[in-house]
Amino acid sequence: MCICAILPATVVLCFSQTYDFDDPNRWTHFTTESGLPSNYVIQIYEARDGTIWANTSRGVAWFDGFEWQRALSMNHRDAIPAGTIRGEMRDSILIISSDGNLYLGKKTFRKLAVEKVETAFLLDSGVILARKNEQLWQI
């Protein structure tokens with residue numbers, strides 16, 4: 001916020017809000033007590049809608065503004081395992097688990113019918129290109 005005043009000598013004074021990142025009261029330490037699956041965070045991802053995702057050694061979680069929620073499979077019981085968040089397709093996040101399974105969803109995920117994927121990329125067209133057995137696949 002900028003509050004400006006023009007003085008008779010045509011001097012402009014501006015006061016702006018600054019962020020003091022050195023202030024220890026500004027920092028929040030997120031842990032398993034905050035809902036993270038593990039305290040070992042591998043990756044942080046911000047979705048287009050502003051949702052923050054954390055990929056930990058024990059699975060994936062998203063931040064609801066207050067606490068971390070585990071990403072679950074469609075049955076709402078099984079947690080999505082650790083892996084790599086590869087990006088978004090429309091309103092869905094693509095995750096490659098450490099065992100090579102692909103998961104697609106938003107807060108709840110479905111497992112795609114392809115296994116042992118080494119890496120994958122989302123194209124703007126909605127196509128997933130995956131590397132499996134050192135070969136290129138289109139999903």
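Student: Where is the place of S125 along the chain?

Tutor: S125 belongs to the loop between β12 (119–122) and β13. The model is predicted: local features need pLDDT of at least 70, side-chain atom pairs count only at pLDDT 80 or more, and totals for chains, interfaces and linings use all residues. Residues are numbered from 1 along each chain as its sequence is written, and side-chain values use heavy atoms, with hydrogens and water left out. Strands such as β12 are DSSP runs (E, at least two residues; helices are H or I, at least four), numbered from the N terminus.

Student: What makes S125 count as exposed?

Tutor: Exposed means over 50% relative accessible area, buried under 20%, and partly exposed in between (1.4 Å probe, protein chains only). S125 has a relative accessibility of 52%, and therefore counts as exposed. The C-alpha atom of S125 is separated by 9.5 Å from that of R90, 35 residues apart along the chain.

Student: S34 is also a loop residue, between β2 (12–16) and β3 (41–46). Why is S34 called buried?

Tutor: The relative accessibility of S34 is 17%, so S34 counts as buried. Leaving aside residues up to four places away in sequence, S34 touches H29, E67 and W68; contact here means heavy atoms within 4.5 Å.

Student: What is the secondary structure of the protein chain?

Tutor: The chain has 0 helices and 14 strands. Of its 139 residues, 35% count as buried. The exposed area is about 9,500 Å², of which carbon and sulfur atoms supply 52%; accessible areas come from the Shrake-Rupley method with a 1.4 Å probe, and for residues, only the protein chains shown count as cover.

Student: What makes β5 a covered strand?

Tutor: β5 (residues 59–63) has 5 residues, and 4 of them are buried. β5 is joined by 5 bridges to β4 (residues 52–56), and the two run antiparallel. T56 has G59 of β5 as its bridge partner, and 2 residues separate the two strands of this hairpin.

Student: How do you know that β5 also pairs with β6?

Tutor: Pairing requires at least two bridges found by DSSP between the strands. β5 and β6 (residues 68–70) have 3 bridges in the antiparallel sense, so the condition of at least two is satisfied. W68 in β6 is the bridge partner of F63. This hairpin has 4 residues between its strands, and G65 takes a positive phi near 100° there.

Student: Which order do the strands of the open sheet follow?

Tutor: The 5 strands are ordered β7-β11-β10-β9-β8, with mixed pairing. The edge strands are β7 (72–73) and β8 (83–89), each of which pairs on one side only. Within this sheet, β10 and β11 run antiparallel over 4 bridges, with K106 opposite T108 in β11.

Student: What is notable about the phi of K107?

Tutor: Most residues other than glycine have a negative phi. K107 has a positive phi of about 75° and is not a glycine. K107 occupies the loop between β10 (102–106) and β11 (108–111). Its relative accessible area is 28%, so K107 is partly exposed.

Student: How do you know that the charged end of K107 sits over the ring of W62?

Tutor: The criterion is NZ of Lys or CZ of Arg within 6 Å of the ring centre and within 35 degrees of the ring normal. The charged end of K107 sits over the W62 ring at 4.5 Å from its centre. K132 likewise lies over the face of W137, at 5.6 Å from the ring centre.

Student: Why is the pair of W53 and F109 called edge-to-face?

Tutor: Rings of Phe, Tyr and Trp (its six-membered ring) pair if their centres lie within 6.5 Å; planes under 30 degrees apart are stacked, over 60 edge-to-face, and the rest tilted. The centres of W53 and F109 are 5.8 Å apart with 80° between the planes, so the pair is edge-to-face. The pair links distant parts of the chain, with W53 in β4 and F109 in β11, 56 residues apart. W53 is buried at 0% relative accessibility, and F109 is buried with a relative accessible area of 0%.

Student: Where does pLDDT stay under 50?

Tutor: pLDDT is the predictor's confidence in each residue, from 0 to 100. It stays under 50 over residues 1–15. Where pLDDT is low, the predicted coordinates should not be read in detail. The chain averages a pLDDT of 82, and 82% of the residues score at least 70.
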